Amino acid sequence: MQFGRNTDARTAWTSIVGFACNQGFVFSLFYLGSNRGLGDGVHVFERAELFGTLLFMTAAFVLLRLVAPRARDALLARPLVWCYAALLVVGSFVPLLVENPAVGGLVLECALLGLPAGCLLAAWGRALGREPIARSVPEVFLGSALGAAACFACAVVPVAGAVLVLKLLPLGSAAALRRLLAGPPVSVLAPAEGAATLLSGKIVAGTAVFGLAAGFMETYGSDPGMATTPTFPVTLFLFVLFCIAALQLFGGGGGTPAEDIAPAEGQGPLDGSYRLAVLLMMAGFLFVPVLADFGVPGEAIVLAGYLGLSAVLVSLFLVMGRITGQDAALSFARGFTALFAGEMAGIALGNLLDLVGTRGQTPYAVVACAGLAALFAYLFLFTERDFRSLSVAVRDTDRFEEACRLVAEEAGLSRREAEILPLALKGRTGERIAAEFYISKSTVDTHLRRIYQKCGVHGRQELIDLGERTERRLAGRD
């Protein structure tokens with residue numbers, strides 16, 4: 001990745017390594033344990049440990065969305081990040097100490113893992129949301145690839161207990177967040193016109209259906225007492241290849257300018273990565289029934305596609321946070337609530353089909369249902385055209401932010417003046433700006449007069465004209 005300053009490079013690699021720790025732990029938690037069911041005989045609810053963990057992660061996301069902004073800031077504060085990491089380390093060792101816990105014990109274990117994991121993931125949304133999309137999106141793919149590579153190495157290395165190293169990864173994640181969340185909160189730009197509701201319903205619905213398809217398949221990855229995903233090393237290998245391909249769409253890993261995310265012809269790397277993930281997922285659905293006798297692990301291909309799709313959705317949540325002017329922690333909370341709710345529904349429905357279906361026919365019925373659900377989401381709920389629309393929106397938003405930064409830098413604006421400038425360029429009134437920063441209108445007027453003076457303009461309209469000229473100048477570099 002290419003960066004203009006050493007500080008930017010250090011921050012970027014802190015994000016990459018820290019997010020790799022977070023993703024590596026999540027992969028190991030969900031897919032490198034054992035399938036733990038609830039019940040006896042034929043009435044066993046499979047993947048109960050995954051269902052419970054997802055349930056408590058979703059509860060954490062809902063809590064973050066419902067509480068007041070100050071309470072949310074407290075829940076995502078740097079000291080608590082360390083507490084979440086410690087809880088995850090402790091919780092991940094519980095299955096080694098208690099092999100077959102009662103229902104109450106399993107619920108306690110899932111709460112000990114799910115609640116802090118949800119808060120830590122939301123904190124990563126906030127940290128990544130502070131960076132330009134042209135940097136944060138490649139960091140997501142590169143960090144996910146490194147996390148998967150670490151899991152692959154620990155899964156295949158012939159050393160007893162190598163997987164236990166993965167249980168300490170939350171500490172690395174917290175250490176990175178401690179640095180990335182340092183400093184004052186970043187001022188969030190006001191959303192573009194109509195952006196607050198842009199595709200939000202379709203995104204949530206499509207995300208939930210993709211989660212449903214994955215939950216179907218996860219129910220049949222193994223039997224209770226076995227490893228949750230016996231072919232997971234194959235999945236990890238395919239997922240790393242997917243991330244490398246996705247990074248190539250970003251010009252080799254993020255060195256391209258923000259505007260390149262959506263070229264003039266409307267084709268961007270986000271929709272290309274989306275298409276690639278869905279293609280990989282659908283190929284797995286086809287391989288399960290057709291090539292099962294030839295030893296092709298179709299389930300592993302489906303899971304690799306789903307992990308790839310999850311990385312694309314993380315990027316999408318960052319994009320939505322940027323274009324709606326929303327804290328990315330909230331867009332993470334909303335997006336992952338939909339994804340995990342769909343996944344839990346898929347696990348529940350998969351168990352139901354297993355209960356009512358015949359032993360030989362049910363797995364293929366599940367594959368057909370899961371494949372049709374994913375195809376429906378891709379064709380009718382959240383399409384490539386929708387992704388292209390988001391690419392255009394984020395290009396315009398990033399260009400506006402770059403224009404604000406350039407105007408502030410050339411005019412020598414103070415930190416507070418630079419924070420007020422984007423709202424002034426969007427035509428917000430003094431009262432609206434005062435409410436945004438919790439300051440008096442007279443203080444806002446003073447800042448605006450200084451901005452006019454430093455920028456060499458005589459009023460709001462001339463300032464807006466200056467901003468538009470700067471945006472056109474940046475567009476000329478494309």
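What volume does the second largest cavity have? I began my notebook with that one, and the answer is about 40 Å³. I should add right away that this is a predicted model.

**Entry: the second largest cavity.** I looked up which residues line this space, and found Ile 203, Gly 206, Thr 207, Phe 210, Tyr 274, Leu 309, Leu 313 and Phe 382. Two elements, α8 (200-219) and α11, each give two or more residues to this lining. Helix α8 supplies the largest share, with four residues. Sorting the lining by class, I got six nonpolar residues, two polar and no charged ones.

**Entry: the largest cavity.** I searched the whole structure and noted two cavities of 30 Å³ or more. The largest holds about 210 Å³ of space. I listed 19 residues in its lining, and those nearest its centre are Gln 23, Val 26, Ser 310, Phe 336 and Phe 340. Here α1 (6-31), α11 (298-323) and α12 (328-356) are the elements that give two or more residues. The largest share, six residues, belongs to α1. By class I wrote down 14 nonpolar, four polar and one charged.

**Entry: the chain as a whole.** I then stepped back to the overall picture and recorded 18 helices and two strands. Of the 478 residues in the chain, 52% are buried. I also checked contacts between residues at least 6 apart in sequence, and 82% of them join residues at least 24 apart. My last note is on the surface: the chain exposes about 20,400 Å², with carbon and sulfur atoms supplying 64% of that area.

Note on methods:
Residues are numbered from 1 along each chain as its sequence is written. This is a predicted model: local features need pLDDT of at least 70, side-chain atom pairs count only at pLDDT 80 or more; totals for chains, interfaces and linings use all residues. Side-chain values use heavy atoms; hydrogens and water are left out. Buried means under 20% relative accessible area, exposed over 50%, partly exposed in between (1.4 Å probe, protein chains only). Contact means heavy atoms within 4.5 Å. Accessible areas come from the Shrake-Rupley method with a 1.4 Å probe; for residues, only the protein chains shown count as cover. On a 1 Å grid over the protein atoms alone, a cavity is a set of points where a 1.4 Å probe fits but cannot get out, and a pocket is an open set with protein on both sides within 12 Å along at least five of seven lines; lining residues have an atom within 4 Å of a point. Grid points are joined across faces, edges and corners, and a volume is the space filled by probe spheres set on the points. Ala, Val, Leu, Ile, Met, Phe, Trp, Tyr, Cys and Pro count as nonpolar, Asp, Glu, Lys and Arg as charged, and the others, Gly among them, as polar.
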